[in-house]
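Hi everyone, thanks for making time this morning. I'd like to walk you through a few local features, so please have the viewer open and follow along.

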Amino acid sequence: MLAVNPAFIPRNHRIEAMIDAAVNRNDFAPFEELLAVLAKPFEDQPGYAAYMEPPGEHERVTQTFCGT
């Protein structure tokens, strides 16, 4: 199961936060970090455990802009 089910997936609330940081604050650190995490989605990455958690109530993205 571990070989076919990634531990890290690009969740909407993480993508939204990354876009917000880049567009509104010219801060690309969240993008670089997310890119590093998603480069090895099947590997154990204890330092990035927060990326495995579902969104909190205030982080839920209810509308996306990519047609989904």
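Let's start with Pro54, which counts as exposed, since its relative accessibility is 55% and the cut-off for exposed is over 50%. A quick reminder that this is a predicted model. Pro54 sits in the segment after H2. Which residues is Pro54 in contact with, once we leave aside its neighbours within four places in sequence? Those are Arg11 and His13. If you'd like a distance to check on your screen, go from the C-alpha of Pro54 to the C-alpha of Ala36: they are 18 residues apart along the chain and separated by 19 Å.

Ala36 brings us to our next residue, because Ala36 is among the residues that Gln45 touches. The others on that list are Phe8, Val37 and Lys40, again not counting residues up to four places away in sequence. Gln45 belongs to the segment after helix H2, and that helix covers 29-38. Is Gln45 buried or exposed? Its relative accessible area is 8%, and anything under 20% goes down as buried, so Gln45 is buried. What does its side chain do in there? A polar atom of the Gln45 side chain lies 3.2 Å from the backbone oxygen of Val37.

Now let's turn to the helix itself and to the surface. Phe31 is in helix H2, and with a relative accessible area of 34% this phenylalanine is partly exposed. Phe31 also takes part in a nonpolar patch on the surface, together with Phe28 and Leu35. How much accessible area do Phe28, Phe31 and Leu35 have together? About 280 Å².

On to charges. Side chains of opposite charge can pair when their charged atoms come close. How many salt bridges does the structure hold? There are 2. One joins the side chains of Arg25 and Asp20, with an N to O distance of 3.1 Å. Asp20 is partly exposed, as its relative accessible area is 32%.

The other salt bridge is between the side chains of Glu57 and Arg60, at 3.0 Å from N to O. That 3.0 Å also appears as a polar contact between the two side chains. Glu57 is exposed, because its relative accessibility is 62%. Arg60 has 49%, and since exposed requires over 50%, Arg60 is classed as partly exposed. Like some of the residues we've met, Arg60 is placed in the segment after H2. Here's another pair to try in the viewer: Arg60 and Asn12 are 48 residues apart in sequence, and their C-alpha atoms are 7.9 Å apart in space.

Last topic, the aromatics. A pair of aromatic rings is described by the distance of the centres and the angle of the planes. The count here comes to 1 aromatic pair. The two partners are Tyr48 and Tyr51, whose ring centres are 6.0 Å apart. Why is the pair called edge-to-face? Their planes meet at 70°, and planes over 60 degrees apart count as edge-to-face. Are these two tyrosines buried or exposed? Tyr48 is partly exposed, given a relative accessibility of 26%, whereas Tyr51 is buried, given 11%.

That's my tour, so I'm happy to take questions and go back to any of these spots with you.

Definitions and conventions. Residues numbered from 1 in each chain as written. Predicted model: local features only at pLDDT ≥ 70, side-chain atom pairs only at ≥ 80, totals over all residues. Heavy atoms only, no water. Helix = DSSP H or I, 4+ residues; strand = E, 2+ residues; numbered from the N terminus. Buried < 20%, exposed > 50% of the residue type's maximum accessible area, 1.4 Å probe, protein only. Polar contact = N/O pair within 3.5 Å; in protein donor to acceptor, adjacent residues only side chain to side chain. Contact = heavy atoms within 4.5 Å. Patch = residues over 30% accessible without salt bridge, like charges linked within 9 Å, V, L, I, M, F, W, Y side chains within 5 Å. Areas by Shrake-Rupley, 256 points an atom, 1.4 Å probe, with all protein chains shown as cover. Salt bridge = Lys/Arg side-chain N within 4 Å of Asp/Glu carboxyl O. Phe/Tyr/Trp six-rings, centres within 6.5 Å; stacked < 30°, edge-to-face > 60°.
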